[in-house]
Amino acid sequence: SILSRLLGVRDDDSKFEGGKIQMTSEEAEVVKKEIRVGVEGLIGNTPLMKIKSLSDATGCEILAKVEMMNPGGSAKDRIALAIVERAEAEGHLRPNSGDVVYEGTSGSTGISLAMICRAKGYRAHICLPDDTSTEKVDLLEKLGAEVEKVPPASIVDKRQYVNRARSRAMERNNDESIEGRGLFADQFENEANWKAHYDHTGPEIYRQTGGHVDVVVAGAGTGGTISGVSRYLKRRLPDMKVVLADPPGSGLYNKVKYGVMFDIMEREGTRRRHQVDTLVEGIGINRITRNFDVGRPLVDDAIRVTDEESLAMAKFLVEHDGLFVGSSTAVNCVAAAKFALKIGPGHTIVTIICDSGTRHLSKFWKAVGPISGELAASSLEDILDLSST
Ligand code: PMP
């Protein structure tokens, strides 16, 4: 490669000509293409990392797509860019003309949208529940987004944050006297979401593993990541299995296992909605979104992960690997390790490092408790409840 030739030149003083490394104009063109243009240019092509502790303990190769290395700190950069670019292509957004992107999100999507809107000449208006962790609200404000806090409410309530964002966009579009149009980003239903993972995250994993993937393990918030990645990889690798990692209170586990979203209360013969009562942020839902149900069944199995397990896993990854992750990543890693122990050694399992622990300091990491000064204190069996999957 050009790089190794240049490094070779550096190593060998005799090849210096006039004190300069000589590069042909073709080589200069290729090297220049490596310059990323703007923050958009930093999105995607994230590394795939082998998690050594989990791989050693299970005998499987446990690989993780390091999505926290996107410039906005999560996989949501990919979908925020895709949603904005699609709206631009369809003529719904024009840069620097007062257009505003609206979204209802308690998670990383708002941060990614705020970043991309700044870079592309739009304003961002983010509606979120008023109990959202303070570090996320601070970050949104520092990125210049307009933040609207609403009381937590059910999805059928028009004051709920997603519904509020949708109606704010409509209000703007219905008022001709206001400059600039409104776009409701709609990450749950907007199919630019799963398609971004189908077009990029999936192919990147395929390339980075040389096409060797036995299992993908991921949680679902909108469902975009698990659906897009799986749909792409299953086309290439029809025998590959997809496993959903599900936190407490999510209805998806029952949907995958038994075909129903609800808890079946056998004695009373009634159905009730799951109570969302978890420290985990960003994954777990009680309705089927268009981004989860992308027209064909993709998820083969599901694993339930308790908060105790994900808190212990977060601590385990710091203690063994120096890896500081957020709550949904901890859920993914518990499910990946459990599934590895279930299917036995020798398999390649890919999961997702969604974001860093820095986004979760005030809530999830507060509950993790002290990190042991002892090196590699606990074993995997110590932290997983292997009686429940
Ligand atoms: N982890 C975190 C921290 C998230 O915010 C989200 C999205 N809400 C996910 C994982 C899940 O990703 P997806 O929406 O693609 O299912």
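Visitor: What makes strand E3 and E6 a parallel pair?

Guide: In this predicted model, strand E3, residues 100–104, and E6 are joined in the parallel sense over 3 bridges. Two strands pair when there are at least two bridges between them, so E3 and E6 count as paired. Across that pairing, tyrosine 102 sits opposite phenylalanine 184 in E6.

Visitor: Which strands make up the open sheet, and in what order?

Guide: There are 4 strands, in the order E5-E4-E3-E6, with parallel pairing. Strand E5 (146–150) and strand E6 (182–184) each have a single partner strand, so one side of each is without a neighbour in the sheet, and that puts them at the edges. On average, neighbouring strands here are turned by 20 degrees against each other, ignoring direction.

Visitor: What lies across E3 and strand E4?

Guide: That's helix H5, residues 108–120, and it runs at about 170 degrees to E4 (123–129).

Visitor: Why is lysine 257 called partly exposed?

Guide: Count its neighbours: lysine 257 has 15 C-beta neighbours inside 10 Å. Buried takes 20 or more and exposed takes 12 or fewer, so a count of 15 falls in between and lysine 257 is partly exposed. You'll find lysine 257 in helix H10, residues 252–258. Its C-alpha atom is 8.7 Å from that of aspartate 300, though the two are 43 residues apart along the chain.

Visitor: And how many residues surround the ligand?

Guide: 17 residues do, and the closest are Gly107, Gly221, Thr225, Gly282 and Ser328. The shell divides into 4 nonpolar, 11 polar and 2 charged residues. Helix H9 (residues 224–236) gives the largest share, 3 residues.

Methods:
Residues numbered from 1 in each chain as written. Predicted model: local features only at pLDDT ≥ 70, side-chain atom pairs only at ≥ 80, totals over all residues. Near = placed C-beta within 6 Å. Nonpolar A, V, L, I, M, F, W, Y, C, P; charged D, E, K, R; others polar. Axes fitted to C-alpha atoms, helices over the stretch in contact; angles between N-to-C directions. Contact = placed C-beta atoms within 7 Å.
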